[in-house]
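This is a walk through one structure, beginning with its ligand and going on to two of its sheets. Keep the sequence and the 3D view open while reading.

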Amino acid sequence: MSRVIIVSNRLPVVIPADAAKPLLGSAGGLGTSMKSVHEDGNSLWIGWSGLADVDLPEERQEALARMRYSTVQISSEEIRDYYDGISNSLIWPLFHYLIQQLPYDGQGWQTYRNINQRFADATVAQYQPGDLIWIHDYHLTLVPGMIREVIPDAQIGFFLHIPFPSSEVFRAFPWREEMLQGLLGADLVGFHTFDYSRHFASSLVRILGAEPEVDRVVHEGRTVHFGAFPISIDVTDFETRAASPAVQEMVQKMRNQQTERFLGLGVDRLDYTKGIPRRLLAVERFFDKYPEFRGQFRFLQIAVPTRETSAAYADFRSFVNELVGRINSKHGALNAAPVHLLYRSVDAIELSALYLAADLMMVTPLRDGMNLVAKEFVASRIDGLGMLMLSEFAGAAAELGEAVLVNPYDIESVADRIRDCLHMEDVERRGRMSLLARRIKQTDNKFWSKSFLSRLESISQERRVPFCSPESIQVQLTRTDFKQPMFLLDYDGTLVGIRDRPAMAVPDSELVDLIHQLSEKHANRLWIVSGRHRADLDAWFPNAIVNMIAEHGLWIRHQGTWSKTVEVDASWTEKLRPILASFAERTPGSQIEEKSASIAWHYRMADPELGPAQAKELRLHLLESFSNLPVQILNGKMCVEIRVQGVNKGITARQIMDRFPHDLLIAAGDDQTDEDLFKTLPPNALTIKIGNGMTTANFRLRSPAQMRTLLRTFV
Ligand code: GDG
């Protein structure tokens with residue numbers, strides 16, 4: 001396996017400010033899950049030390065280097081904008097669907113950019129060819145794109161540890177395009193669940209106008225893959241700890257001290273996404289409805305301090321405290337409080353003992369990317385007992401279906417489910433827990449990291465044709481001694497931009513002049529090679545000096561006269577017309593275009609998700625029902641075209657090339673029909689793809705404007 005460069009906001013160590021004190025391991029989802037990758041030995045971890053405005057002493061730096069950690073420095077002012085501001089006050093609540101938590105100004109984006117650039121620079125500085133780069137989480141969404149700019153061939157993976165929200169929510173993010181562009185710098189973007197992956201694809205369609213498939217999208221000539229890679233825990237580690245004498249003794253002690261029959265447990269960072277207030281309200285409601293459980297059930301909430309500098313979190317803490325006070329005064333007795341809130345973290349032994357001692361584990365976040373506590377609880381229950389209550393809104397719910405799933409907003413029902421869990425028969429409890437345990441054992445954290453990294457490594461290194469400039473193509477040309485260049489130029493998307501309606505793509509006078517000048521200077525060697533109906537091209541270039549191939553090669557206009565290249569039977573269009581008409585009817589904004597030997601359905605103006613979905617269905621339908629007809633189905637840009645077989649741009653271009661002498665071929669195009677042309681040209685031809693997408697061309701330009709710049713040099 002190649003070396004892995006792990007890049008995350010924080011390094012997984014706590015570095016005491018006092019240089020004399022030793023480094024400590026830090027708890028937390030990301031750190032523990034990536035631990036196995038780092039422990040395998042062939043990796044380097046880049047991250048912030050956790051100490052702002054501190055230059056680490058040399059011995060510290062050396063100790064970190066020995067552990068293969070490399071630090072990125074961030075000042076406290078930058079932390080305020082990049083970490084507390086954009087990352088935790090804007091992206092965190094928005095991605096957890098808590099739009100009302102967003103601050104009004106959301107300042108700090110420039111700092112977020114700068115820090116992302118710093119992480120990218122630090123990675124580039126350490127990079128060696130062959131490395132796999134794995135970037136983590138919402139603090140660093142721009143880093144993939146920034147690294148890609150400098151190392152176009154790098155293998156870059158990105159994993160998001162929080163949910164990716166529905167595109168309807170994501171679109172509220174002020175720098176949404178920039179963030180998506182940043183993420184698309186990766187080769188593989190991983191999420192916890194298929195839902196998040198689907199939301200991401202939807203945002204690509206709606207915000208960038210991209211055309212993703214279910215697990216990939218072509219972006220700037222590269223295929224970017226995305227998908228679900230549910231994170232997990234070190235199951236064996238939790239099982240072993242649960243069986244250890246230290247934990248077993250502690251469990252015994254807890255049970256002996258407990259006066260109530262049942263213990264309920266919550267373990268979370270004290271974050272507003274974790275659903276602690278509603279969980280407490282459900283416990284209150286449970287005591288209201290089922291008073292027989294007073295003195296029989298105690299609920300212990302471990303609330304780990306988090307992001308304490310933020311005002312929102314301080315207010316939240318006092319709100320939770322008040323709630324606990326209210327419930328205890330309502331349902332408590334002189335010597336017993338039914339709810340116990342511990343505002344601190346516990347050590348690993350205590351945590352395992354609590355997981356084992358609990359009769360009911362309540363994991364009821366309002367939203368959670370995955371939630372590892374749920375998995376840790378299951379792994380710790382080596383006795384096969386206890387019950388997990390899990391929010392439908394945690395990513396873990398997609399995997400842990402045998403838990404008691406609840407809607408945390410439905411307090412009444414959560415209260416009822418608490419009672420159901422406590423009353424559950426042991427047979428059912430053991431049945432559910434053993435299925436859960438088996439599942440998480442099969443897919444532990446090693447499985448997670450391996451499947452992500454091997455997918456990243458195996459993503460085929462398809463031929464990458466990067467964007468270049470017209471000038472760099474010219475530089476290549478100066479090395480060629482040519483006198484008679486021949487031009488084979490597609491029209492839509494190559495000489496003019498793609499328009500919403502095909503009829504709007506009229507050439508401007510600058511283009512008409514350019515084509516006239518080139519046609520004059522290079523007589524018989526400039527050809528517009530288009531899929532358009534000949535009537536359109538006739539109307540736009542009436543001057544007989546311009547030569548053209550229309551309808552994908554079916555018609556040729558030379559010196560103003562049209563001739564057909566082959567005789568075709570197009571009676572099959574009769575059969576297709578009603579089908580396309582029904583799709584046009586069902587897809588507002590789409591339309592049909594008819595040519596002599598083809599018929600096309602355009603969906604450029606349709607809804608950006610409905611259009612492509614209908615196109616897929618239409619293609620399937622055509623493949624199933626018309627496979628016996630002599631037709632070919634083409635996937636154009638936002639268009640499905642059915643044309644007669646045996647006619648394509650390449651076949652007709654060959655006739656032209658044979659007929660008119662030339663010593664250089666320059667062909668340009670933007671879609672699949674132009675690939676037919678590129679494929680038939682000799683290897684020394686200069687082929688140019690305009691825009692994104694797979695291609696066999698040897699150069700790629702960004703836009704028709706760049707193509708025109710190149711053509712001007714031949715006038
Ligand atoms: C983010 C996403 C996603 C908690 N209290 C103590 C303690 N912990 C440990 C738990 C667990 C980790 O912290 C918390 O992980 P979660 O997954 O529950 O939540 P986040 O911190 O919000 O993590 C989340 C995760 O990233 C990974 O991708 O699952 O959805 O929000 O490991 O055990 N550990 C100790 N004492 C405590 O008091 N020792």
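**The ligand and two sheets**

Domain 1 (4-228) and domain 2 (237-442) each supply at least three residues to the shell around the ligand. The model is a predicted one, and the values below are computed from it.

The shell holds 22 residues, and those that come nearest to the ligand are His161, Val346, Asp368, Met370 and Glu376. Sorted by class, the shell has 11 nonpolar, 7 polar and 4 charged residues. A residue is counted here if one of its heavy atoms lies within 4 Å of the ligand.

Two of the nearest residues also face oxygen atoms of the ligand with polar side-chain atoms. In His161, an N or O atom of the side chain is 2.6 Å from an oxygen atom of the ligand. In Glu376, a polar side-chain atom lies 2.5 Å from a ligand oxygen atom. Gly369 takes part through its backbone: a polar atom there is 3.0 Å from an oxygen atom of the ligand. How much of the ligand does the protein bury? Taken alone, the ligand exposes 730 Å², and the protein buries 89% of that area.

The shell can also be read by element. Strand E11 (262-269), helix H13 (348-357) and helix H14 (372-380) are the elements that give two or more residues to the shell. Of these, H14 gives the most, with 3 residues.

Strand E11 leads on to a sheet, since E11 is listed among its strands. This open sheet has 6 strands in the order E13-E12-E11-E14-E15-E16, and the pairing is parallel. Which strands stand at the edges? They are strand E13 (339-342) and strand E16 (404-406); each has a single partner strand, so one side of each is left without a neighbour in the sheet. With direction ignored, neighbouring strands of this sheet are turned by 20° against each other on average. At the E16 edge, strand E15 (residues 387-391) pairs with E16 in the parallel sense over 3 bridges. Leu390 has Leu405 of E16 as its bridge partner.

Another open sheet is made of 4 strands, in the order E22-E23-E25-E24, and its pairing is antiparallel. Its edges are strand E22 (591-594) and strand E24 (631-636), and because each has a single partner strand, one side of each is left without a neighbour in the sheet. From one strand to the next, the twist averages 15°.

Both edge strands of this sheet can be followed to their partners. E22 is joined by 4 bridges to strand E23 (residues 598-602), and the two run antiparallel. Glu594 has its bridge partner, Ile599, in E23. E22 and E23 form a hairpin, with 3 residues between them. At the other edge, E24 pairs with strand E25 (residues 639-644) in the antiparallel sense over 6 bridges. There, the bridge partner of Leu634 is Glu641 in E25.

How values were computed:
Residues are numbered from 1 along each chain as its sequence is written. This is a predicted model: local features need pLDDT of at least 70, side-chain atom pairs count only at pLDDT 80 or more; totals for chains, interfaces and linings use all residues. Side-chain values use heavy atoms; hydrogens and water are left out. A polar contact is a pair of N or O atoms within 3.5 Å; within protein, one must be able to donate a hydrogen and the other to accept it, and residues adjacent in sequence count only if both atoms are side-chain atoms. Accessible areas come from the Shrake-Rupley method with a 1.4 Å probe; for residues, only the protein chains shown count as cover. Ala, Val, Leu, Ile, Met, Phe, Trp, Tyr, Cys and Pro count as nonpolar, Asp, Glu, Lys and Arg as charged, and the others, Gly among them, as polar. Domain bounds come from an automatic or database domain assignment. Two strands pair if DSSP finds at least two bridges between them. Axes are lines fitted to C-alpha atoms, for helices over the stretch in contact, and angles run from 0 to 180 degrees between N-to-C directions.
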